[in-house]
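Reader: I should like to examine one charged side chain closely, and then to follow the related contacts through the rest of the model. Please give the cut-offs along with the values.

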Amino acid sequence: MWNSPKVGILGGGQLGRMLVESANRLNIQANILDADNSPAKQISSHDGHVTGSFKEPDAVRKLAETCDVITAEIEHVDTYALEEVASKVRVEPSWQAIRTIQNKFNQKEHLRKYGIPMAEHRELVNNTPEELAQIGEELGYPMMLKSKTMAYDGRGNFRVNSKEDIPEALEALKDRPLYSEKWAYFKMELAVMVIKTKDDVLSYPTVETVQEDSICKLVYAPARNVPDAINQQAQALARKAVSAFEGKGAFGVEMFLLEDNSLMLCELASRIHNSGHWTIEGCALSQFDSHIRAILDLPIPPKSLELLQPSIMLNIIGGATPDSHLKATEAALSIPNASIHLYSKGAAKPGRKMGHVTVTAATIHEAETMIQPLVDVVDTMRA
Ligand code: ATP
Ligand code: MG
Ligand code: MG
């Protein structure tokens, strides 16, 4: 057996919490850097945690002293602190990968060198209306104006439908570094979880993701009515994109499936990802199990990443009232084959991810029928 390695995790949100669940089952101590009552710390009782933020260099240094390998549940971390501690402790994935990926424009410039298909885009240098109007001439309308950094759940995106929207778009994303993307006319959004190990790049099956208000709402594994050839192409594209970065662990790759069945990368994340939550029930090893194993060089039999049973994941997102997620949970308790995961984040805020539910069944159609009553409940509670 291995020598009781300790893992340090930057961030103790729901992703950190689910990593802790996996680490716990292998008696691996996970030391969390985050606020004291963060969701991950609530389920992990030992004295190795560090209080503070993954954006404070001192706190990152302190965490590095407590563990054998450091990883992150979020890409918006201080990569200069990670660069510094990398001489003393392993950092997985590499700080270079996290630094490039956390800036979506740099991420895309990097991936372009590897021939990864993406929507055409332009960098804004001055963030002036004249500059964006010029870009609009080049890319056409609609286009998606995006913040290069600190983007999540679409908070950092603004759809510019015409020249008239330019002032509002620049106001909505003011003081942020920006780039603009040509509109992708997709018929479906796909995602693949990739696991990079010391000598392999593995992938989970391709899933279909459905975003509502730019937030992931539903994930279908496998993607509905997508031929196996596309499932394989999407996995190959995701592995190729992730191979462009150094380091081990889970990476989430989001893609667009266009009308002509070609694939385009939307973005990737250097971490476990919402589009992979279904793997907890749907596969022998979840994305969280695989991430822990990958960063510790423990074996990952590729067969353990195959789909065991069709699965649908529904996010429980904060709605119009602070207890809407609890009402959704109540409804989920009566759904057959539903596994409920609550993140213990306290009162819900509109748009905040409070938990998720995964329903498994013999066929994706059966799973759809079973989860539909819960989707209806969630839809009535939207903010
Ligand atoms: P995440 O929470 O996944 O990190 P994010 O805030 O980084 O999201 P993106 O993934 O870039 O944002 O975009 C969010 C959603 O907006 C996409 O899933 C897609 O539905 C839509 N979108 C993004 N870019 C485009 C585009 N170029 N054309 C059309 N739709 C787009
Ligand atoms: Mg993103
Ligand atoms: Mg995204």
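What is the relative accessible area of Glu-212, and is this residue buried or partly exposed?

Author: The model is predicted, so local features require pLDDT of at least 70 and side-chain atom pairs pLDDT 80 or more, whereas totals for chains, interfaces and linings use all residues. Residues are numbered from 1 along each chain as written, chains are lettered from A and ligands numbered from 1 in written order, and side-chain values use heavy atoms, without hydrogens or water.

Glu-212 has a relative accessible area of 26% and is therefore partly exposed, a class lying between buried (under 20%) and exposed (over 50%), with a 1.4 Å probe and protein chains only. Its side chain meets that of Lys-217 in a salt bridge of 3.1 Å, N to O; the term requires a side-chain nitrogen of Lys or Arg within 4 Å of a carboxyl oxygen of Asp or Glu. Lys-217, at 9% relative accessibility, counts as buried. Through shared partners, salt bridges unite Glu-212, Asp-213, Lys-217, Asp-379 and Arg-382 in one network.

The structure holds 26 salt bridges. Another of them pairs Glu-171 with Lys-174, whose closest N and O atoms are 2.9 Å apart. Here Glu-171 is partly exposed, at 48%, and Lys-174 is likewise partly exposed, at 46%.

A salt bridge of 3.8 Å, N to O, joins the side chains of Lys-104 and Glu-267. This pair connects distant parts of the chain, with Lys-104 in helix 5 (residues 104–112) and Glu-267 in strand 15, 163 residues apart; helices (H or I, at least four residues) and strands (E, at least two) are DSSP runs numbered from the N terminus. Both residues are buried.

Glu-267 also takes part in binding metal. Two OE donors of Glu-267 lie 2.3 Å from the magnesium ion (ligand 2), where donors are N, O and S atoms within 2.8 Å of the metal (3.2 Å for Na, K and Ca), and sites may look incomplete because water is not among the atoms. The magnesium ion (ligand 3) is coordinated at 2.0 to 2.7 Å by Glu-267 (OE) and by two OE entries of Glu-254. In this pair of glutamates, Glu-254 belongs to strand 14 (residues 249–258) and Glu-267 to strand 15 (residues 263–269), 13 residues apart. Glu-267 bridges the two magnesium ions, which are separated by 3.8 Å. Glu-254 is buried, as is Glu-267.

Glu-189, in strand 10 (residues 186–196), is a further acidic residue. Glu-189 is buried yet forms no salt bridge, the nearest side chain of opposite charge being Lys-146, 8.3 Å away; Lys and Arg are counted as positive and Asp and Glu as negative, while His and the chain ends are left uncounted. Beyond neighbours within four places in sequence, Glu-189 is in contact with residues including Gln-211, Met-255 and Phe-256, contact meaning heavy atoms within 4.5 Å.

The cysteines may be treated briefly. The count of disulfides is 0, a disulfide being a pair of cysteine sulfur atoms within 2.5 Å. The sulfur of Cys-266 is 12 Å from the closest cysteine sulfur, that of Cys-216, and so is too far for a bond. Cys-266 counts as buried at 9% relative accessibility, and Cys-67 counts as buried at 10%.
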